[in-house]
Amino acid sequence: MKFTSTLIKGKLIKRYKRFFTDIKVNNQILTAHCPNTGSMMGLLNEGNEVWVSQSDNPNRRLKYTLEIIKVNKSLIGVNTHKANRIVEDALKNKLIDEFKKVRLIKPEFKFSKDTRFDFLCDKKIIEVKNVTLIRKNGIAEFPDSITSRGTKHLKKLVDSMKKNYDPYVLFLTQIQGIKYFKIAKDIDYEYYNNYLYAKKAGVKFIAYKCSVSSKEIKVEKKIKIIDNE
């Protein structure tokens with residue numbers, strides 16, 4: 001997924017009210033939309049380098065959107081709204097091994113009255129989870145806060161097999177230089193237990209890392225999911 005306009009580089013001042021971030025660009029303070037509902041653990045230190053996009057939509061309250069944060073020399077894509085676009089681009093360009101042969105790519109698949117999954121590819125369901133947490137070099141983790149929605153999705157994915165679907169969870173790791181992925185069971189133990197339950201039931205879990213730059217975020221390669229101790 002290429003950015004449609006040149007990103008603006010600045011320094012993070014703070015995130016507040018969940019969806020607002022103040023960014024210093026040269027000697028000006030910009031308020032940008034923060035399109036990430038997670039805790040963003042480890043990303044929000046004052047002074048971190050950030051990149052924001054600018055919208056030309058006159059009806060937008062906030063013209064800027066936080067896209068990337070640099071932490072310990074690694075660029076991290078934090079815009080969760082872009083995750084599905086990155087995955088859709090990867091599906092169309094055959095960058096994900098498990099889905100190279102699919103013919104139908106249907107975004108926003110309505111599975112039931114109260115559940116939508118991110119993609120239906122033939123009979124394969126894909127639920128995308130955007131990953132931004134890194135607490136140890138080389139290891140990305142999910143979730144970064146308690147996710148009741150994520151737990152619900154795991155249970156629904158198990159249910160989908162009764163209707164002959166083939167369900168996947170794709171952990172999209174928008175972190176430069178990452179090597180491994182694992183579930184952050186100390187942050188959400190219920191999610192971890194349901195991950196084990198879903199895995200045993202037949203739900204497939206895969207993790208892919210992205211190459212991240214101020215020009216493009218693109219699925220790069222599959223990484224290993226490691227078991228917790």
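Why is there no bond between the sulfur of Cys121 and the closest cysteine sulfur? I started my notebook with that, keeping in mind that this is a predicted model.

**Entry 1: the cysteines**

I looked for disulfides and found zero in the structure. The closest cysteine sulfur to that of Cys121 sits in Cys210, and at 16 Å it is too far for a bond. I needed the cut-off here: a disulfide calls for two cysteine sulfur atoms within 2.5 Å. From the other end I read off the matching result: Cys210 is in no disulfide, with the sulfur of Cys121 as its nearest cysteine sulfur.

Next I asked myself: is Cys121 buried or exposed? Cys121 is buried, at 0% relative accessibility. Cys210 is buried too, with a relative accessible area of 1%.

**Entry 2: the cores**

I went on to the nonpolar residues. Which members of the largest nonpolar core touch the most other members? My list reads Ile23, Leu66, Ile69, Ile125, Phe171, Phe181 and Phe205, out of 43 residues in that core. Apart from that core lies another one of 27 residues, and Cys210 from my first entry is among them, as are Leu7, Phe119 and Ile217. I jotted down a general remark beside this: in soluble globular proteins, nonpolar side chains tend to be buried together.

I then picked Ile69 and looked up its contacts, leaving aside neighbours within four places in sequence. They include Met40, Leu43, Leu44 and Val50, and also Asn48, Glu49 and Ser74. Leu75, Ile76 and Val78 are on the list as well.

**Entry 3: the sheet**

How many strands form the open sheet? I counted along the order E7-E8-E9-E12-E14-E15-E13-E11-E10, which makes nine strands, with mixed pairing. Strand E7 (105-112) and strand E10 (133-136) are the edges, each pairing on one side only. Neighbouring strands are turned by 45 degrees against each other on average, direction ignored.

I also checked what lies on this sheet. Helix H1 (residues 83-92) packs on it and touches E7, E8, E9, E12, E14 and E15. The direction of H1 makes about 20 degrees with that of E8.

**Entry 4: around E8**

I stayed with strand E8 (115-121) for a while. Six of its seven residues are buried, so I noted E8 as mostly covered. E7 and E8 pair in the antiparallel sense over six bridges, and Phe109 stands opposite Phe117 in E8. Two residues lie between E7 and E8, which form a hairpin.

On to E9: E8 and E9 pair in the antiparallel sense over three bridges. Here I met Cys121 again, standing opposite Lys124 in E9. These two strands form a hairpin as well, with two residues between them. Which residue in that turn has a positive phi? I found Asp122, at about 55 degrees.

**Entry 5: E14 and Val212**

Strand E14 (residues 204-212) and strand E15 (residues 217-225) pair in the antiparallel sense over six bridges. In this pairing I noted Ser211 opposite Lys218 in E15.

Val212 is also in strand E14, and it is buried, at 4% relative accessibility. I looked up how it sits relative to Ile68: the two are 144 residues apart in sequence and 8.5 Å apart in space, C-alpha to C-alpha. Ile68 is also in contact with Val212, as are Leu75, Gly77, Gln174, Ile175, Gln176 and Ile217, neighbours within four places left aside.

**Entry 6: Val71 and Ser53**

I found Val71 in strand E5 (residues 64-71). Val71 is buried, with a relative accessible area of 12%. Its C-alpha atom is separated by 9.5 Å from that of Ile175, which is 104 residues away along the chain. Beyond four places in sequence, Val71 is in contact with Gly42, Leu43, Asn48 and Ile76.

My last stop was Ser53 in strand E4 (residues 49-54). Ser53 counts as buried at 12% relative accessibility. Which side chain does the side chain of Ser53 make a polar contact with? The partner is Glu67, at 2.7 Å. Not counting residues up to four places away in sequence, Ser53 touches Leu7, Lys63, Tyr64, Thr65 and Glu67. Leu7 was already in my notes, as a member of the core of 27 residues.

Key: Residues are numbered from 1 along each chain as its sequence is written. This is a predicted model: local features need pLDDT of at least 70, side-chain atom pairs count only at pLDDT 80 or more; totals for chains, interfaces and linings use all residues. Side-chain values use heavy atoms; hydrogens and water are left out. Buried means under 20% relative accessible area, exposed over 50%, partly exposed in between (1.4 Å probe, protein chains only). A nonpolar core is a set of buried Ala, Val, Leu, Ile, Met, Phe, Trp, Tyr and Cys residues joined through side-chain atoms within 4.5 Å. Contact means heavy atoms within 4.5 Å. Helices (H or I, at least four residues) and strands (E, at least two) are DSSP runs, numbered from the N terminus. A polar contact is a pair of N or O atoms within 3.5 Å; within protein, one must be able to donate a hydrogen and the other to accept it, and residues adjacent in sequence count only if both atoms are side-chain atoms. Two strands pair if DSSP finds at least two bridges between them. Axes are lines fitted to C-alpha atoms, for helices over the stretch in contact, and angles run from 0 to 180 degrees between N-to-C directions.
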